[in-house]
Amino acid sequence: MSRFLQTAGLVIGLIGLVLQFAITIPASMAAGRSLIGSINFYFSFFTILTNIAVVLVHASLLSPAGYAWFPAFAGRRMRAGVAVAITLVFIVYSTVLARLWAPEGLFLLCDILLHYVTPLIFVLWWLIAGADGGTRWRDISWWMIYPLAYLAYALIRAPLAGEVPYPFLDVAKNGVASVAIAALATTTLFLGLCVLAVLADHGIGRLRR
C-alpha cells in the first residue's frame with residue numbers, strides 16, 4: 001500500500017506539474033509576460049513549490065539505491081514538514097481560493113490534481129508509512145522557515161513584478177492591514193498544522209511500538 005501510494009503520488013504529481021507548466025507558460029505569454037517572466041510566474045506559487053517538494057520526497061524514497069536521489073527529502077523531518085505544507089495548500093485553496101475563479105478544461109484538471117489529489121495521497125501515505133514517531137517539537141522551528149521565507153519572497157517580488165501569486169497578498173489592492181491579517185492567519189494555521197503533525201507522528205509511533 002505504501003509503495004503504491006508513493007508511486008501514484010509521484011506519477012500524479014509529475015503529471016500535474018508538467019501539465020500546469022505546459023498550459024501556464026503560453027497563457028502567461030499571451031497575457032503579456034516574457035518567457036522568463038512566465039517561468040518566474042509559474043514558480044511563484046506556493047502550490048507549485050510544495051508539489052515539487054512532494055514529488056522529490058516520493059522520488060527520494062522510491063530510489064532503487066535507497067535514498068540516493070534527493071537525500072535531503074528522504075528524512076523524517078522533511079517528510080513531516082512537506083505533509084504540513086501540502087495540507088495547507090489543500091485547506092487554503094478549498095476554503096479561500098477555489099471560490100475566486102472557475103477554471104475549465106486542463107486548468108480545472110491541474111487544479112484538482114495539485115490542490116486535492118496530491119495532498120490526499122501524500123498525507124495518507126505519511127500517516128500510513130511516513131510517520132514513525134521520530135519528529136521533535138523543535139522541528140517546528142525548521143518547518144516554519146518555509147512559509148515565512150515564501151511570504152517574504154512574495155511580498156518583495158510583488159512591487160518588482162507588478163503582481164502577486166495570491167490575491168490576499170496584494171498590498172496595493174487590499175492595504176497593508178488586510179495583507180498583514182491574511183499573512184498572520186495563514187502562518188498561524190501553518191503553525192497549528194505543525195503541532196498536529198508532531199502529535200500525530202508521536203501517536204502513530206506509540207501505536208507501532
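**Exercise 1. Work out how H1 and H3 sit against each other in this predicted model, starting from the handedness of their crossing.**

*Step 1.* Look at the crossing: H1 and H3 cross in a left-handed way.

*Step 2.* Now list who touches whom. On the H1 side you'll find Arg3, Leu5, Gln6, Thr7, Gly9, Leu10, Gly13, Leu14, Leu17 and Gln20. H3 answers with Ile48, Asn51, Ile52, Val55, His58, Ala59, Leu61 and Leu62.

*Step 3.* Sort those residues by class. The contact of H1 with H3 holds ten nonpolar, seven polar and one charged residues.

*Step 4.* Get the geometry. The axes of H1 and H3 are 9 Å apart, and the packing angle is about 140 degrees. Angles over 145 degrees would count as roughly antiparallel, and H1 and H3 are therefore oblique to each other.

**Exercise 2. Describe how H3 packs on H4: what are the angle and the axis distance, and which residues make the contact?**

*Step 1.* Start with the numbers: H3 and H4 meet at about 145 degrees, and 10 Å separates their axes.

*Step 2.* Check the handedness. H3 passes H4 in a left-handed crossing.

*Step 3.* Pick out the partners. H3 brings Phe46, Thr47, Thr50, Asn51, Ala53, Val54, Val57 and Leu61, while H4 brings Met78, Arg79, Val82, Ala85, Ile86, Leu88 and Val89.

*Step 4.* Count by class: the contact of H3 with H4 has eleven nonpolar residues, three polar ones and one charged one.

**Exercise 3. Do the same for H4 and H5: at what angle do they pack, and which way do they cross?**

*Step 1.* The angle between H4 and H5 is about 145 degrees, with 9 Å from axis to axis.

*Step 2.* H4 passes H5 in a left-handed crossing.

*Step 3.* Among the H4 residues in this contact are Val89, Phe90 and Tyr93. The H5 side includes His115, Phe122 and Trp126.

*Step 4.* Splitting the contact of H4 with H5 by class gives 14 nonpolar, five polar and two charged residues.

**Exercise 4. Find the largest nonpolar core: how many residues does it have, and which have the most contacts inside it?**

*Step 1.* The core has 53 residues, and the ones with the most contacts inside it are Phe122, Trp143 and Phe190.

*Step 2.* See where it comes from. Helices supplying at least two residues each include H1 (2-30), H4 (76-97), H5 (105-130) and H9 (176-208). The largest share, eleven residues, comes from H4.

*Step 3.* Zoom in on Phe190. Skipping residues up to four places away in sequence, Phe190 touches Val84, Ala85, Leu88, Trp143, Met144 and Pro147.

**Exercise 5. Are His115 and Leu151 buried or exposed? Say what each one touches, too.**

*Step 1.* Place His115 first: it lies in helix H5. Its relative accessible area is 9%. Buried means under 20%, so His115 is buried.

*Step 2.* Setting aside neighbours within four places in sequence, His115 is in contact with Thr47, Val89, Phe90, Tyr93 and Cys110.

*Step 3.* Move on to Leu151, which is in helix H7. Its relative accessibility is 19%, and the cut-off is under 20%, so Leu151 counts as buried.

*Step 4.* With the same kind of neighbours left out, Leu151 is in contact with Leu169 and Ala183. Leu151 and Leu169 are 18 residues apart in sequence, and their C-alpha atoms are 8.6 Å apart in space.

Terms used:
Residues are numbered from 1 along each chain as its sequence is written. This is a predicted model: local features need pLDDT of at least 70, side-chain atom pairs count only at pLDDT 80 or more; totals for chains, interfaces and linings use all residues. Side-chain values use heavy atoms; hydrogens and water are left out. A nonpolar core is a set of buried Ala, Val, Leu, Ile, Met, Phe, Trp, Tyr and Cys residues joined through side-chain atoms within 4.5 Å. Buried means under 20% relative accessible area, exposed over 50%, partly exposed in between (1.4 Å probe, protein chains only). Helices (H or I, at least four residues) and strands (E, at least two) are DSSP runs, numbered from the N terminus. Contact means heavy atoms within 4.5 Å. Axes are lines fitted to C-alpha atoms, for helices over the stretch in contact, and angles run from 0 to 180 degrees between N-to-C directions. A crossing is left-handed if the near helix is turned anticlockwise from the far one by less than a right angle, and right-handed if clockwise. Ala, Val, Leu, Ile, Met, Phe, Trp, Tyr, Cys and Pro count as nonpolar, Asp, Glu, Lys and Arg as charged, and the others, Gly among them, as polar. Angles under 35 degrees count as roughly parallel, over 145 as roughly antiparallel, 65 to 115 as roughly perpendicular and the rest as oblique.
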